[in-house]
Amino acid sequence: MKRLNFSLFVLALLMLTSCTAYKKVPYLQGSEYINTAKIETPLYDARIMPKDLLTITVNTTDPEAAIPFNLTVATPITANSKNLTSQPALQQYLVDNNGNIDFPVLGTLHIGGLTKGQAENLIKEKLKTYLKEDPIVNVRMTNYKISVIGEVASPGTFTITNEKVNIMEALAMAGDMTVYGQRDNVKLIRENAQGRREIIPLDMNDAGIVVSPYYYLQQNDVIYVTPNKTKAKNAGISNSTTIWFSVVGTLVSLVSLIVTIAK
């Protein structure tokens, strides 16, 4: 009877441990609450940051009128040719540390902290003095990138062409977390426009992440997936084993040398 009770106790303990381990694996737990709470979050729109590279185009029905407001440079057709292309290459604007760019004719414009739409409206307003019609202004970020490192299948830096990416998409780009990644301890490293850096812990097990202000990533964000204790122990065992085999190999070689000399 005692053996039966002990066996049942061990079985219950194993089941409890298994359930506890399982709870650390699935993403977005408790989604029922999020769905019923009907929490509304604003649509994400990236803001321009210092050191961003931008392409800004100005177009009107009269192409000649828009030429002075487009930052272009004529390039040779071939390396040794003096003839220029009919389609000049569009140059990029580098946002300085103060959030400013030098715009043709208009001079210095402060666009740091503005969204793409706000920057376009600012330039349109400035151009009213010079153009007879409302121009079409298009602002695009060309270096919008994020990095994912740590316990993921394919760590790396990824360029985002649509200027919008959430943390789930970022993990997908990196091949998702490995079984050794701590889903409740993912770290977001972020730098703001003033150069201040933050390390923000995120719990991917919690469905509340989808309404978090950190769900959508900013340009240059870094995601670090922390390894769990199992990975740390395995790494320690692996290193110790390697060292042990190296020591044993050296000793065997030394003994063989001594035996050979003794003969």
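This report describes the predicted model of a single chain, from its overall make-up to selected residues and their contacts.

## Overall architecture

The chain has 263 residues, of which 28% are buried. Its secondary structure consists of six helices and 12 strands. Among the contacts with a separation of 6 or more, 61% join residues that lie 24 or more positions apart. The exposed surface comes to about 17,200 Å², and carbon and sulfur atoms contribute 59% of that area.

## Confidence of the model

The mean pLDDT is 82, and 71% of the residues reach 70 or more. Residues 6–14 have pLDDT under 50 throughout, and the model gives this stretch zero contacts beyond four places in sequence. Residues 16–20 also have pLDDT below 50, again with zero contacts beyond near neighbours in sequence. Where pLDDT is low, the predicted coordinates should not be read in detail.

## Nonpolar core

The largest nonpolar core contains 43 residues. Those with the most contacts inside this core are Ile56, Phe103, Ile123, Val148 and Ile167.

Isoleucine 123 illustrates the surroundings of one such residue. Leaving out residues up to four places away in sequence, isoleucine 123 touches Ile56 and Phe103, together with Leu106, Leu109, Val137 and Val139.

## Salt bridges

The whole structure contains six salt bridges. One of them pairs lysine 116 with glutamate 120, with the closest N and O atoms 3.0 Å apart. Both residues belong to helix 4 (residues 116–127), and because they are four residues apart there, about one helical turn separates them. Their accessibility differs in class: lysine 116 is partly exposed, at a relative accessible area of 23%, whereas glutamate 120 is buried, at 11%.

Another salt bridge joins the side chains of glutamate 125 and lysine 128, with an N to O distance of 3.4 Å. Lysine 128 is partly exposed, with 47% relative accessibility. A further salt bridge, between glutamate 163 and arginine 140, has an N to O distance of 2.9 Å. This pair links distant parts of the chain, since arginine 140 lies in strand 7 (residues 136–141) and glutamate 163 in the loop between strand 9 (156–159) and helix 5 (167–173), 23 residues apart. Arginine 140 is partly exposed at 33% relative accessibility, while glutamate 163 is buried at 9%.

## Residues with positive phi

Glutamate 163 also has a notable backbone angle: its phi is positive, at about 60 degrees, although the residue is not a glycine.

Valine 105 is likewise not a glycine and has a positive phi of about 70 degrees. Valine 105 is placed in the loop between strand 5 (100–103) and strand 6. With 47% relative accessibility, valine 105 is partly exposed.

## Threonine 108 and its partners

Threonine 108 is located in strand 6 (residues 107–110). The residue is exposed, at 52% relative accessibility. Beyond residues up to four places away in sequence, threonine 108 touches Asn100, Ile101 and Asp102. With aspartate 102 there is a polar contact between the two side chains, at 3.2 Å.

## Asparagine 185 in strand 10

Asparagine 185 lies in strand 10 (residues 181–191). Its side chain makes a polar contact with the side chain of lysine 187 at 3.2 Å. With neighbours within four places in sequence set aside, asparagine 185 is in contact with Leu202, Tyr224 and Thr226.

## Glutamine 29 between two helices

Glutamine 29 occupies the loop between helix 1 (2–23) and helix 2 (31–37). The residue is partly exposed, with a relative accessible area of 30%. The side chain of glutamine 29 reaches the backbone oxygen of proline 26 at a distance of 3.1 Å.

Glutamine 29 can also be placed relative to a residue elsewhere in the sequence. Its C-alpha atom is separated by 8.5 Å from that of methionine 204, although the two residues are 175 residues apart along the chain.

Conventions: Residues are numbered from 1 along each chain as its sequence is written. This is a predicted model: local features need pLDDT of at least 70, side-chain atom pairs count only at pLDDT 80 or more; totals for chains, interfaces and linings use all residues. Side-chain values use heavy atoms; hydrogens and water are left out. Buried means under 20% relative accessible area, exposed over 50%, partly exposed in between (1.4 Å probe, protein chains only). Contact means heavy atoms within 4.5 Å. Accessible areas come from the Shrake-Rupley method with a 1.4 Å probe; for residues, only the protein chains shown count as cover. A salt bridge is a side-chain nitrogen of Lys or Arg within 4 Å of a carboxyl oxygen of Asp or Glu. A polar contact is a pair of N or O atoms within 3.5 Å; within protein, one must be able to donate a hydrogen and the other to accept it, and residues adjacent in sequence count only if both atoms are side-chain atoms. pLDDT is the predictor's confidence in each residue, from 0 to 100. A nonpolar core is a set of buried Ala, Val, Leu, Ile, Met, Phe, Trp, Tyr and Cys residues joined through side-chain atoms within 4.5 Å.
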